[in-house]
Amino acid sequence: MEDFHIKTCLPECILQELRDRGAVFREDCKIKIVELFESDQADQHFDSFLLDKKEVDPVLHPTFGDCFNPYLSAPAQYEVLRLLASFQPLMAADLDRNAPVPLVPAFLPGAAPLFFQYHHAKIALQRVQKEIEAPCAQLLPQLPLLTAVHSGNVICDLNITYSNCIIRRRVRKS
């Protein structure tokens with residue numbers, strides 16, 4: 001198992017601004033959980049905060065809904081995990097050059113990682129989320145199940161872990 005070092009703390013002023021913009025806070029756990037599911041204002045504010053913070057290295061953990069009623073089939077979930085793993089080693093400069101991103105090989109059942117630490121929020125929260133929502137032409141043939149998801153359907157919830165909270169974003173098919 002990979003060892004993660006979560007050093008980044010989301011500033012309290014940003015948390016308050018997310019609350020003011022409609023984010024839902026779950027504070028009945030050991031760590032605050034901030035859900036941006038129903039508030040476009042909070043979600044956009046979080047995006048704008050991240051764009052200014054290239055040094056933020058988030059840890060992402062996707063969830064796929066209730067285990068008895070998941071958003072996607074297990075094979076489609078593996079395609080999301082492949083996307084997350086493929087972008088993990090990249091740096092922001094790699095994306096600025098628009099270099100093609102090769103997908104990692106398919107995982108054996110039960111061998112897929114569940115947590116992904118990225119170097120730069122720009123990769124984790126801009127490009128990866130966009131590729132999950134609408135894979136680019138280069139990746140479409142390699143992600144047939146994700147490509148087949150109907151527009152507007154929920155694909156996953158991305159949990160972005162900081163040392164003082166977890167931000168949850170809902171990802172829908174574009």
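**A mixed sheet and its surroundings**

Strands S7 and S8 form a hairpin, with 3 residues between them. The model that shows this hairpin is predicted. Strand S7 covers residues 154–161, and strand S8 covers residues 165–172. The two strands pair in the antiparallel sense, and 7 bridges join them. One of the paired positions is Thr161, whose bridge partner in S8 is Ile166.

The other partner of S7 to consider is strand S3, residues 59–63. S3 and S7 are also antiparallel, and their pairing extends over 5 bridges. Within this pairing, Thr63 stands opposite Asp157 of S7. How many of the residues of S7 are buried? The strand is mostly covered, with 8 of its 8 residues buried. In this setting a residue counts as buried when its relative accessible area is under 20%.

These pairings belong to an open sheet of 6 strands, arranged in the order S1-S2-S8-S7-S3-S6. The pairing in this sheet is mixed. Its edge strands are S1, residues 24–26, and S6, residues 116–117, each of which pairs on one side only. Strands of a sheet pair through backbone hydrogen bonds, in either the parallel or the antiparallel sense.

The S1 end of the sheet can be followed inwards from its edge. S1 and S2 run antiparallel and are joined by 3 bridges, S2 being made up of residues 32–35. A hairpin of 5 residues connects S1 to S2. Two paired positions illustrate the register: Arg26 has Ile33 as its bridge partner in S2, and Phe25 stands opposite Val34 in S2. In which sense, parallel or antiparallel, does S2 pair with S8? The sense is parallel, and the pairing runs over 4 bridges. Ile33 has Ile166 of S8 as its bridge partner. Ile33 thus recurs in two pairings, as the partner of Arg26 and as the partner of Ile166. Ile166 in turn is paired with Ile33 and with Thr161.

Two arginine side chains are placed over aromatic rings. The charged end of Arg19 sits over the ring of Phe25, 3.8 Å from the ring centre. Arg170 lies over the face of Phe37, and its distance from the ring centre is 3.8 Å. Phe25 has already been met as the residue opposite Val34 in S2. As for pairs between aromatic rings, a search of the whole structure finds 0 of them.

The approach to S7 brings Asn153 into view. This residue lies in the loop between helix H6, residues 144–147, and S7. Why does Asn153 count as partly exposed? Its relative accessible area is 38%, and the partly exposed class lies between the 20% limit for buried residues and the 50% limit for exposed ones. Neighbours within four places in sequence aside, Asn153 is in contact with Val171, Arg172 and Lys173. The C-alpha atoms of Asn153 and Lys173 are separated by 5.6 Å, although the two residues are 20 apart along the chain.

Two prolines outside the strands add further points of reference. Pro11 is in the segment before helix H1, residues 12–20, and counts as partly exposed because its relative accessibility is 32%. Pro11 and Asn164 are 153 residues apart in sequence, yet their C-alpha atoms are 8.9 Å apart in space. Pro105 occupies the loop between helix H4, residues 92–96, and S6. This proline counts as exposed because its relative accessibility is 66%. Its C-alpha atom is 9.7 Å from that of Ala85, a residue 20 places away in sequence.

Ala85 is one of the buried residues of helix H3. H3 comprises 14 residues, 74–87, and spans 21 Å from its first C-alpha to its last, close to the 20 Å expected at 1.5 Å a residue. The helix is mostly covered, with 11 of its 14 residues buried; among them are Val80, Leu81, Leu83, Leu84 and Phe87.

The protein as a whole has 6 helices and 8 strands. From the N terminus on, its elements follow the order α-β-β-α-β-β-β-α-α-β-α-α-β-β. Of its 174 residues, 45% are buried. The protein exposes about 9,200 Å², of which carbon and sulfur atoms supply 55%. Among contacts between residues at least 6 apart in sequence, 68% join residues at least 24 apart.

Technical notes:
Residues are numbered from 1 along each chain as its sequence is written. This is a predicted model: local features need pLDDT of at least 70, side-chain atom pairs count only at pLDDT 80 or more; totals for chains, interfaces and linings use all residues. Side-chain values use heavy atoms; hydrogens and water are left out. Buried means under 20% relative accessible area, exposed over 50%, partly exposed in between (1.4 Å probe, protein chains only). Two strands pair if DSSP finds at least two bridges between them. Rings of Phe, Tyr and Trp (its six-membered ring) pair if their centres lie within 6.5 Å; planes under 30 degrees apart count as stacked, over 60 as edge-to-face and the rest as tilted. A charge sits over a ring if NZ of Lys or CZ of Arg is within 6 Å of the ring centre and within 35 degrees of the ring normal. Contact means heavy atoms within 4.5 Å. Accessible areas come from the Shrake-Rupley method with a 1.4 Å probe; for residues, only the protein chains shown count as cover. The expected span of a helix is 1.5 Å times one less than its number of residues.
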